[in-house]
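User: I've got a chain on my screen and would like to walk through how it is put together. Can you take me through it piece by piece?

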Amino acid sequence: MAPFIDQTKAPSISVTDLSYTFQDRTTGLYNIHLSLPPRSRTLLIGANGAGKTTLLRLLSGKRLAPSNTISVGGLDPFKDGLEGVTYLGLEWVLNPIVRTDIGVRELLKSVGGEFYVERKEELVQVLDIDLDWRMHAVSDGERRRVQLAMGLIRPWRILLLDEITVDLDLLSRSNFLAFLKKETETRECTIVYATHILDNLADWPSHLVHMGLGKVKQWGKVEELQLEGDSKTGNSKLGELVLGWLKEDLEERGPRNRTEGSEGKAYTSPGVGGYGLEKRTF
């Protein structure tokens with residue numbers, strides 16, 4: 001039987017000297033140190049290819065990290081096969097099953113909807129789901145709402161979200177984020193959320209993590225980071241901070257198509273720790 005995260009308190013996330021190399025010997029993550037406290041709501045920020053998805057999949061136990069580099073609630077997420085950890089990514093909507101003529105009621109029942117009735121009803125309301133929908137006849141955004149409801153019906157202790165709100169309209173996304181904030185305020189749980197969409201997020205996170213080129217470049221409590229808005233651009237303080245980070249990342253990375261012998265192959269360092277092993281779950 002898989003070990004359970006302690007249900008009496010919210011779990012913390014600790015990453016120590018984590019490096020990860022893919023099977024083709026390219027480096028996905030390098031020397032990451034990170035500590036996220038219980039009941040935190042962390043935004044994982046970075047450009048495409050920064051390593052956010054790789055880190056989330058390692059935290060979820062879908063990939064094998066080097067020994068003693070990741071602790072989720074005091075346990076190794078890959079070796080211990082944790083219960084209570086939910087990972088939601090974009091690949092779900094590509095599953096052909098969710099595009100067949102199957103009803104939402106049946107899908108929600110299949111993941112415990114009849115046992116967690118109150119949570120099911122709340123999620124249906126928050127995400128504005130019609131229980132009479134047939135999955136072959138809905139939009140990608142509506143399909144995404146069903147995925148979120150299915151993933152969150154069972155109470156979780158760690159929630160890892162990878163660009164999962166990209167298909168949601170503004171209202172659905174706002175309601176969903178409010179639901180997640182309430183969860184961390186009323187239950188013992190912890191969230192890490194990777195996203196490029198910062199609308200309605202100014203007051204949502206407790207922590208920020210800035211990733212670039214496979215490294216964690218900055219992290220900490222929101223109030224400890226320098227958040228300054230810009231009245232000329234109309235950006236929020238959070239948006240202005242992230243925009244600055246991404247500009248710095250682009251300058252550090254340089255042009256994508258470099259000439260032979262040009263400096264920097266920062267993302268192709270062979271021999272760094274990691275195993276390239278992945279759990280296949282569907």
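**Helix packing first**

Analyst: Let's start with a helix pair: the axes of α3 and α5 come within 9 Å and cross at roughly 145°. Axes here are lines fitted to C-alpha atoms, for helices over the stretch in contact, and angles run from 0 to 180 degrees between N-to-C directions. Before going on, note that this is a predicted model, where local features need pLDDT of at least 70, side-chain atom pairs count only at pLDDT 80 or more, and totals for chains, interfaces and linings use all residues. Residues are numbered from 1 along each chain as its sequence is written, and side-chain values use heavy atoms, with hydrogens and water left out.

User: Which residues of α5 make the contact with α3?

Analyst: Contact means heavy atoms within 4.5 Å. From α3 come Arg119, Glu122, Leu123 and Val126. On the α5 side, the residues are Asn175, Phe176, Phe179, Lys182 and Glu183.

User: How do the residues of that contact divide into nonpolar, polar and charged?

Analyst: Ala, Val, Leu, Ile, Met, Phe, Trp, Tyr, Cys and Pro count as nonpolar, Asp, Glu, Lys and Arg as charged, and the others, Gly among them, as polar. For the contact of α3 with α5, that gives four nonpolar, one polar and four charged.

User: What is the strand order in the sheet of six strands?

Analyst: Helices (H or I, at least four residues) and strands (E, at least two) are DSSP runs, numbered from the N terminus, and two strands pair if DSSP finds at least two bridges between them. This open sheet has mixed pairing, and its edge strands, each pairing on one side only, are β5 (85-88) and β9 (215-221). The twist averages 15° from one strand to the next. Its order is β5-β6-β7-β3-β8-β9.

User: Which residue stands opposite Leu43?

Analyst: β3 and β7 pair in the parallel sense over four bridges. Leu43 has its opposite number in β7, and that is Tyr193.

User: What angle does α5 make with β7?

Analyst: α5 packs on the sheet and touches β3, β6 and β7. Its direction relative to that of β7 is about 150°.

User: What is the order of the sheet of three strands?

Analyst: This one is open too, with antiparallel pairing. Its edge strands are β2 (27-36) and β4 (70-72), and each pairs on one side only. β1 (residues 13-21) is joined to β2 by six bridges, and Thr21 stands opposite Thr27 in β2. The order is β2-β1-β4.

User: At what angle to β1 does α1 run?

Analyst: Helix α1 (residues 52-60) lies across β1, β2 and β4. It runs relative to β1 at about 120°.

User: Which residues touch the most other members of the largest nonpolar core?

Analyst: A nonpolar core is a set of buried Ala, Val, Leu, Ile, Met, Phe, Trp, Tyr and Cys residues joined through side-chain atoms within 4.5 Å, with buried meaning under 20% relative accessible area (1.4 Å probe, protein chains only). The largest has 45 residues, and α4 gives the most to it, with five residues. Leu180 touches Leu152, Trp156, Leu159, Leu161, Ile191 and Trp204, not counting residues up to four places away in sequence. The two that touch the most other members are Leu152 and Leu180.

User: How many residues are in the second core?

Analyst: This core is separate, and its members include Leu34, Leu55, Leu59 and Val209. Its count of residues is 26.

Technical notes
Buried means under 20% relative accessible area, exposed over 50%, partly exposed in between (1.4 Å probe, protein chains only).
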